[in-house]
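Trainee: I am new to this structure and would like a close look at a single helix. Please go through its residues, its charged pairs and what lies around it.

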Amino acid sequence: MSNGTWNPWKLFAVGMGLVAVTAVVTAAVVADWSGPKAVTSGSTPSAARAVPAEPAPAPGPRSAPATMVPTAAAIEACNQDAAAYVGRQDKTTEMVKDGAIGAVVGAVVGAAGGAIADGGKGAGKGAAIGGLVGVGGGTLYGLNQSKQHDQRYRDAYAACMRGRGYRG
C-alpha cells in the first residue's frame, strides 16, 4: 500500500478473518446459552470409565407419590448421577475447537480447489472461502454435538428421578 494502490485480496482476507473471529465468538456465546449447568461436587468422572448403555436407577425410596415435589437432596443426587453418566463437557471450548478445526480443514480444501481451478493463482482466494465455510460447518457440528450431550443428560436425570419414585 505504500504506492497508493489497494489490493482487494488483502482487504478480502482481512474481512474474512474478522468474519471468522465473529463466528467463533458467536458460537462461544451460544454454547453458554444452552441451559443451566449441572452442579457437581467432588472430583469429575473419568472419561475412560465404562459407561452403561442405560442409566441405572439410583437406590432410594420408591414410595414417593406422583404428585410429591422432589427434595433438594434428590435433585442434587440425580444431577450428580446424570453428570457422572454422560461425563463433563465444557461447551465453549468444544465449540471453539470444532469451529477452528472446520476453518483449517475448509481452508486446506479451499486452497487445493482454488489452486486446481486457477492453476495455483487462486489458492489464496480458495483458502479464504473454504475457511469461512469451514468455520460455519464446524460450528454447526459443535452445536449438534452439544445438543446430543444435553439430551443424554436429561434422559439420565429423568431415569434417576423415576428410580426414586418421582414421576413429574
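Mentor: What follows is an account of helix α3 and its surroundings.

This is a predicted model, in which local features need pLDDT of at least 70 and side-chain atom pairs count only at pLDDT 80 or more, while totals for chains, interfaces and linings use all residues. Residues are numbered from 1 along each chain as its sequence is written, and side-chain values use heavy atoms, with hydrogens and water left out.

Helix α3 covers residues 91-118. Helices here are DSSP runs of H or I with at least four residues, numbered from the N terminus. The expected span of a helix is 1.5 Å times one less than its number of residues. For the 28 residues of α3 that gives 40 Å, and the end C-alpha atoms are 39 Å apart, which agrees. After α3 comes G119, with a positive phi near 65 degrees.

Take burial next. Buried means under 20% relative accessible area, exposed means over 50%, and partly exposed is in between, with a 1.4 Å probe and protein chains only. In α3 the buried residues are K91, M95, D98, G99, G102, A103, G106, G110 and G114. I101, also in α3, has a relative accessibility of 48% and so counts as partly exposed. Together with V105 and V109, I101 makes a nonpolar surface patch of about 280 Å². Such a patch takes residues with over 30% relative accessible area and no salt bridge, and joins nonpolar side chains (Val, Leu, Ile, Met, Phe, Trp, Tyr) within 5 Å. The accessible areas come from the Shrake-Rupley method with a 1.4 Å probe.

Now the charges. Side chains of opposite charge can pair when their charged atoms come close. A salt bridge is counted when a side-chain nitrogen of Lys or Arg is within 4 Å of a carboxyl oxygen of Asp or Glu. The whole structure has 2 salt bridges. One of them joins D150 and K91, with the closest N and O atoms 2.8 Å apart. D150 lies in helix α4 and K91 in helix α3, so this pair ties together parts that are 59 residues apart in sequence. Both D150 and K91 are buried.

K97 forms a salt bridge with E94, and here the closest N and O atoms are 3.6 Å apart. K97 and E94 are 3 residues apart in helix α3, so about one helical turn separates them. K97 is partly exposed, at a relative accessible area of 40%, and E94 is partly exposed as well, at 29%.

D98 is buried but has no salt bridge, and its nearest side chain of opposite charge, K97, is 6.0 Å away. For such signs, Lys and Arg count as positive and Asp and Glu as negative, while His and the chain ends are not counted. Beyond its neighbours within four places in sequence, D98 is in contact (heavy atoms within 4.5 Å) with G138, Y141 and G142.

Finally, consider G114, which is in α3 and is buried, with a relative accessible area of 13%. Leaving out residues up to four places away in sequence, G114 touches G119, G122, A123 and G126. G114 and G126 are 12 residues apart along the chain, and their C-alpha atoms are separated by 4.4 Å. Helix α4 covers residues 123-163.

Key. Helices (H or I, at least four residues) and strands (E, at least two) are DSSP runs, numbered from the N terminus. Patches are made of residues with over 30% relative accessible area and no salt bridge: like charges are joined within 9 Å, nonpolar side chains (Val, Leu, Ile, Met, Phe, Trp, Tyr) within 5 Å.
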